[in-house]
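This report covers the overall dimensions of one protein chain, then its main pocket, one helix pair and two backbone details.

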Amino acid sequence: MAEPAPHVHEHDPETEEAWRAVLNGDLGALKVFRSVLGRIPAGPRCKLCLAPLKAPGSVVLRPFGFGPSKLNRRLCRACFRSIEKRPGGAEVELSLLFADVRGSTAIAERMPAQEFSRLISRFYGVAANVVDKWDGIVDKFVGDEVVALFVPGFAGEDHASRAVAAARDLLRETGNDSGEPWAPIGVGVHTGVAFVGRVGEGDACDFTAVGDAVNTAARLASEAGAGEVLVSNAAAAASDLNASGLESRTLTLRGRDEMIDAVVLAAA
């Protein structure tokens, strides 16, 4: 018996354009929502509509279906319901940040499992705060790695410079600007086009990004040494990064035929 074909969402140009308008910050209705909800005190806020996710603002909005989503704590329930009603997404230019703990296997071998768990939890918390500060959104925490998206609709037109600033900030917050970091991390930043939206089926879905740009950012992070940020030339150009005097590397990334050029940043 032949296996059933996987379900594929039908291509709907109207839905795709609506997603693209949201992701690029061009949807008029969303601009109005952000203007109104952004005036209600308290943070953090939903990255999409700016609804407060904590008291006192969240208390006022809770009867209207707002409040943090269980699926992604940086989006409110109302926005996630809207996403569920209009599954799909769009290809947009964005900036991506991947950061992971270097030598985590060796670190785990040197300490009790519970202590290692606390270290990773601390890393997650610090990374989430840094990404929030620079108007990115945490896509996922995976093992010893953090993945963040800097989408124009959330981070603005300067999403690339915000991703680079977040990367350097994360090095500082984890002690990688000194001799003994409490979490030795390497970071990769890349700017490119990816599909962003609701990916998955049924309960196994999330707001995320997929595509070659995502893979490139991940592989840049895997090549970064402890205390380093590898910024692709595409991200450096998009962020107007002054690369004079910075180390440049040409990398052969696993799974890619062509090489990629990047500059190396430190915390300072």
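In this predicted model, the protein chain has a radius of gyration of 19 Å; a compact globule with 268 residues would have a value near 18 Å, so the two agree. Along the principal axes, the C-alpha atoms of the protein chain fill a box of roughly 50 × 50 × 50 Å. The secondary structure of the chain comes to 10 helices and 8 strands.

The largest pocket has a volume of about 520 Å³. Its lining consists of 21 residues, and those that lie nearest the centre of the pocket are V22, L27, L48, C79 and S82. Three elements give two or more residues to this lining: α1 (13–23), α2 (28–37) and α4 (77–85). Of the elements, α4 gives the most, with 6 residues. By class, the lining of the largest pocket holds 16 nonpolar, 2 polar and 3 charged residues.

A helix pair comes next. Two packed helices are described by the angle between their axes and the distance between the axes. For helix α6 (residues 113–133) and helix α8 (residues 159–173), the axes come within 9 Å and cross at roughly 145 degrees. The crossing of α6 and α8 is right-handed. On the α6 side, the residues that meet α8 are V126, A127, V130 and K133; on the α8 side, they are A166, D169, L170 and E173. The contact of α6 with α8 has 5 nonpolar and 3 charged residues, and no polar ones.

The class counts for the pocket lining and the helix contact are set out below.

| Site | Nonpolar | Polar | Charged |
|---|---|---|---|
| Lining of the largest pocket | 16 residues | 2 residues | 3 residues |
| Contact of α6 with α8 | 5 residues | no residues | 3 residues |

Which backbone details are found in the loop between α2 and α3? One is the peptide bond that joins A55 and P56, which is cis, with omega about 5 degrees; P56 lies in this loop, ahead of α3 (57–61). The other concerns L50, also found in the loop between α2 and α3. L50 has a positive phi of about 70 degrees, although this residue is not a glycine.

How values were computed: Residues are numbered from 1 along each chain as its sequence is written. This is a predicted model: local features need pLDDT of at least 70, side-chain atom pairs count only at pLDDT 80 or more; totals for chains, interfaces and linings use all residues. Side-chain values use heavy atoms; hydrogens and water are left out. On a 1 Å grid over the protein atoms alone, a cavity is a set of points where a 1.4 Å probe fits but cannot get out, and a pocket is an open set with protein on both sides within 12 Å along at least five of seven lines; lining residues have an atom within 4 Å of a point. Grid points are joined across faces, edges and corners, and a volume is the space filled by probe spheres set on the points. Helices (H or I, at least four residues) and strands (E, at least two) are DSSP runs, numbered from the N terminus. Ala, Val, Leu, Ile, Met, Phe, Trp, Tyr, Cys and Pro count as nonpolar, Asp, Glu, Lys and Arg as charged, and the others, Gly among them, as polar. Axes are lines fitted to C-alpha atoms, for helices over the stretch in contact, and angles run from 0 to 180 degrees between N-to-C directions. A crossing is left-handed if the near helix is turned anticlockwise from the far one by less than a right angle, and right-handed if clockwise. Contact means heavy atoms within 4.5 Å. The radius of gyration is taken over C-alpha atoms; the globule rule is 2.2 Å times the number of residues to the power 0.38.
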